[in-house]
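Biologist: I'm new to reading structures, and I'd like to learn how each label is earned. Could you show me one and let me ask away?

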Amino acid sequence: MQPIKPKRPNIDRESLLIDVRRELDMPARRLFGKRILTLGGLAMLTGCSLSDNTSVENFLVKVSRINDSVQAWLFDPTRLAPTYTEAQITRPFPFNGFYDEDEAPIVDGSDFRLKVSGLVQNKRPWTLPELSALPKAEQITRHICVEGWSAIGRWGGTPFSEFLKRVGADTSARYVGFKCADNYYESIDMPTALHPQTLLTFTYDGQQLPTKYGYPMKLRMPTKLGYKNPKYVTEIFVTNTYPGGYWVDQGYNWFGGS
Ligand SMILES: Nc1nc2c(c(=O)[nH]1)N[C@H]1C(S)=C(S)[C@@H](COP(=O)(O)O)O[C@H]1N2
Ligand SMILES: [Mo]
């Protein structure tokens with residue numbers, strides 16, 4: 001038999017990665033459910049034709065035998081996620097949370113202070129105007145939720161690496177953790193925190209971030225699945241102690257890359 005050499009197929013990378021995740025040994029796999037991991041689910045997410053998906057499946061059979069080096073290639077934290085045009089934005093962009101939209105926390109911006117703690121030189125809290133004065137960045141990227149939908153949106157704010165630089169974060173530490181106004185919490189690896197597309201965002205589609213999308217701020221990472229992107233962030237900390245996350249602690253994969 002010919003040895004199987006996985007090679008990069010000409011198909012939508014995101015749809016591929018969702019299923020590659022299934023093939024890799026991921027604890028979250030049971031909880032994500034079969035819904036998005038079927039051919040039909042893939043077709044729904046990506047609008048791919050069945051023939052494309054067939055080639056995805058064939059590829060995945062091969063990928064399921066891969067080793068760590070291929071996994072490292074798939075989740076390379078320096079890889080850039082695709083960006084999109086204004087015309088491709090999903091309207092209206094969906095709301096999601098572990099509660100209904102009308103229960104989303106309403107944060108008072110006027111006396112808001114972002115807390116900073118852990119392995120940083122400067123723990124001074126930040127007001128919203130101070131945060132808005134940081135160097136600007138904007139991106140139109142795809143948000144992928146494991147519940148079976150994805151949507152393209154436009155977020156604006158500051159590169160998270162700029163924020164980490166200003167607070168004197170120990171960037172040799174392993175994790176950055178987030179606490180949220182709705183008691184959600186998350187944490188990410190330092191390479192992702194420093195990734196050029198990881199933004200601390202204050203706007204959605206050119207307007208102040210509305211309550212439903214996480215006012216006063218959302219950490220937006222197009223290299224991570226939806227649940228890794230915390231909204232209503234109230235505290236950021238740098239640590240070497242694994243902080244977990246709201247869904248991660250219920251079995252979702254911690255890396256959560258897309
Ligand atoms: N604080 C907070 N952040 C959160 C969540 C949440 O419930 N609370 N849900 C996560 C999930 S599962 C998704 S898909 C996205 C939804 O973001 P959106 O409402 O802007 O679409 O937020 C993520 N961040
Ligand atoms: Mo999600």
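Modeller: Gladly! This is a predicted model, and a good place to begin is ligand 1, which has an oxygen atom 3.1 Å from a polar backbone atom of F98.

Biologist: What makes the pair formed by ligand 1 and F98 a polar contact?

Modeller: A polar contact is a pair of N or O atoms within 3.5 Å. The ligand 1 oxygen and the polar backbone atom of F98 are 3.1 Å apart, so the pair is a polar contact.

Biologist: How do you know that K218 and K231 also make polar contacts with ligand 1?

Modeller: Use the 3.5 Å cut-off again. An N or O atom in the side chain of K218 is 3.4 Å from an oxygen atom of ligand 1, and for the side chain of K231 the distance is 2.5 Å. Both values are within 3.5 Å, so both pairs count. As for cover, the protein takes up 99% of the 540 Å² of accessible area that ligand 1 has on its own.

Biologist: Where does ligand 1 sit, and which residues are the closest?

Modeller: Ligand 1 is in the largest cavity. It is surrounded by 22 residues, and P94, N96, D182, N229 and K231 are the closest. Sorted by class, that shell has 13 nonpolar, five polar and four charged residues.

Biologist: Let's move to T158. Why is T158 called buried?

Modeller: Buried means under 20% relative accessible area. T158 has 0%, so T158 counts as buried. You can find T158 in strand β3, residues 149-159. A polar atom of its side chain lies 2.6 Å from the backbone oxygen of P135. T158 is also 8.9 Å from A133, C-alpha to C-alpha, with their positions 25 residues apart in sequence.

Biologist: And why does R124 count as partly exposed?

Modeller: Partly exposed lies between the 20% and 50% limits. R124 has 37% relative accessibility, so R124 counts as partly exposed.

Biologist: Where is R124 placed?

Modeller: R124 is in the loop between β1 (115-118) and α6 (128-132). Its C-alpha atom is 8.2 Å from that of V167, although the two residues are 43 apart along the chain.

Terms used: Residues numbered from 1 in each chain as written. Chains lettered and ligands numbered in written order. Predicted model: local features only at pLDDT ≥ 70, side-chain atom pairs only at ≥ 80, totals over all residues. Heavy atoms only, no water. Near = heavy atom within 4 Å. Polar contact = N/O pair within 3.5 Å; in protein donor to acceptor, adjacent residues only side chain to side chain. Areas by Shrake-Rupley, 256 points an atom, 1.4 Å probe, with all protein chains shown as cover. 1 Å grid on protein atoms, 1.4 Å probe; cavity = no way out; pocket = protein on both sides within 12 Å on 5 of 7 lines; lining within 4 Å. Sits in = over half its atoms within 2 Å of the grid points. Nonpolar A, V, L, I, M, F, W, Y, C, P; charged D, E, K, R; others polar. Helix = DSSP H or I, 4+ residues; strand = E, 2+ residues; numbered from the N terminus. Buried < 20%, exposed > 50% of the residue type's maximum accessible area, 1.4 Å probe, protein only.
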